[in-house]
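Colleague: Before I rely on any of the labels attached to this structure, could you take me through the values behind them?

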Amino acid sequence: MSSPIAQRLQVVPSVFAVDHLPHATFPEDDEWIALVRAPEGLTVVRETWPSGSGERWIGLYGGATAHDLDVPGMLAAIVSPLAEAAIPVFVASTYHADLVLVPEQRARMAVTVLEEAGHRVDTRHLQPADG
C-alpha cells in the first residue's frame with residue numbers, strides 16, 4: 001500500500017520520555033522539547049538518558065518534507081499506517097513538520113510499516129536491536 005503523501009522521515013538521534021504533570025503549569029526545568037498545557041495538566045516531552053527507566057520513545061521527524069500548515073493529510077499519511085499496525089504514537093507538530101514518537105521497542109516495526117506505506121526512513125540513528 002502506498003501513501004498518497006509519501007514523505008522522507010528520519011529517526012531522531014535522541015530518545016524521549018513523555019510525562020504528565022497534572023498540577024503543573026510549567027516544568028521546573030528547561031530540559032523539555034515540547035509542552036502541551038491542557039485542563040488535565042501539563043504534558044512534557046523531554047530527552048531521556050540512554051539508560052533511563054520508564055517508557056521510552058523514538059522520534060520520526062518529517063523535516064525533509066516540510067510543508068505549510070494548509071497541506072492536508074501529511075500527519076495522517078504517517079499515523080494511519082502505524083494505527084493499522086497497532087503501533088501507539090505521540091505527536092508533537094511544528095510549523096513545518098511533525099515529530100511522531102513511537103515506543104522504543106516498536107521502532108523497527110514502525111520503520112517497516114512506514115516504508116511499506118511508501119515513506120522513506122533514514123535509520124542511521126536507530127540503535128541496533130538488543131539480543
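Modeller: Please bear in mind that this is a predicted model. A place to begin is the salt bridge that Arg 46 forms with Asp 19, where the closest N and O atoms are 3.5 Å apart. The two partners come from distant parts of the chain, since Arg 46 lies in strand S3 and Asp 19 in strand S1, 27 residues apart.

Colleague: What makes the pair of Arg 46 and Asp 19 a salt bridge?

Modeller: The label requires a side-chain nitrogen of Lys or Arg within 4 Å of a carboxyl oxygen of Asp or Glu, and the closest N and O atoms of Arg 46 and Asp 19 are 3.5 Å apart, so the pair meets the definition. In general terms, side chains of opposite charge can pair when their charged atoms come close.

Colleague: Why is Arg 46 called buried, and what is Asp 19 called?

Modeller: Buried means under 20% relative accessible area, and Arg 46 has 15% relative accessibility, so Arg 46 counts as buried. Asp 19 has a relative accessible area of 30%, which falls between the 20% and 50% limits, and Asp 19 is therefore partly exposed.

Colleague: How many salt bridges does a search of the whole structure find?

Modeller: The search finds 4. One of them joins the side chains of Arg 56 and Glu 104 at 2.7 Å, N to O. This pair, too, links distant parts of the chain, with Arg 56 in the loop between S3 and S4 and Glu 104 in the loop between strand S6 (98–103) and helix H2 (107–116), 48 residues apart. Arg 56 is at 11% relative accessibility and so counts as buried, whereas Glu 104, with a relative accessible area of 30%, is partly exposed.

Colleague: Which label fits each partner in the salt bridge of Asp 122 and Arg 124?

Modeller: Their side chains meet at 2.4 Å, N to O. Arg 124 is at 64% relative accessibility and counts as exposed, because the cut-off for that label is over 50%; Asp 122, at 24%, counts as partly exposed. Elsewhere, salt bridges that share partners join Asp 19, Asp 29 and Arg 46 into one network.

Colleague: How do you know that strand S1 pairs with S7, and in which sense do they run?

Modeller: Pairing needs at least two bridges, and 3 bridges join S1 (residues 8–21) to S7 (residues 120–122), so these strands count as paired, and they run parallel. Within that pairing, Gln 10 stands opposite Asp 122 in S7. S1 also pairs with S3 (residues 41–48) in the antiparallel sense over 7 bridges, with Leu 21 opposite Leu 42, and 4 bridges join S1 to S4 (residues 57–61), again antiparallel, where the bridge partner of Phe 16 is Trp 57.

Colleague: Why is helix H1 called oblique to H2?

Modeller: The axes of H1 (residues 74–84) and H2 come within 9 Å and cross at roughly 120 degrees. Roughly perpendicular covers 65 to 115 degrees and roughly antiparallel begins over 145, so the angle belongs to neither class and H1 is oblique to H2. The crossing is right-handed, and the contact is made by Ile 78, Pro 81 and Leu 82 of H1 and Ala 110, Val 113 and Leu 114 of H2.

Key. Residues numbered from 1 in each chain as written. Predicted model: local features only at pLDDT ≥ 70, side-chain atom pairs only at ≥ 80, totals over all residues. Heavy atoms only, no water. Helix = DSSP H or I, 4+ residues; strand = E, 2+ residues; numbered from the N terminus. Buried < 20%, exposed > 50% of the residue type's maximum accessible area, 1.4 Å probe, protein only. Axes fitted to C-alpha atoms, helices over the stretch in contact; angles between N-to-C directions. Parallel < 35°, antiparallel > 145°, perpendicular 65-115°, else oblique. Left-handed = near helix turned anticlockwise from the far one by under 90°. Contact = heavy atoms within 4.5 Å.
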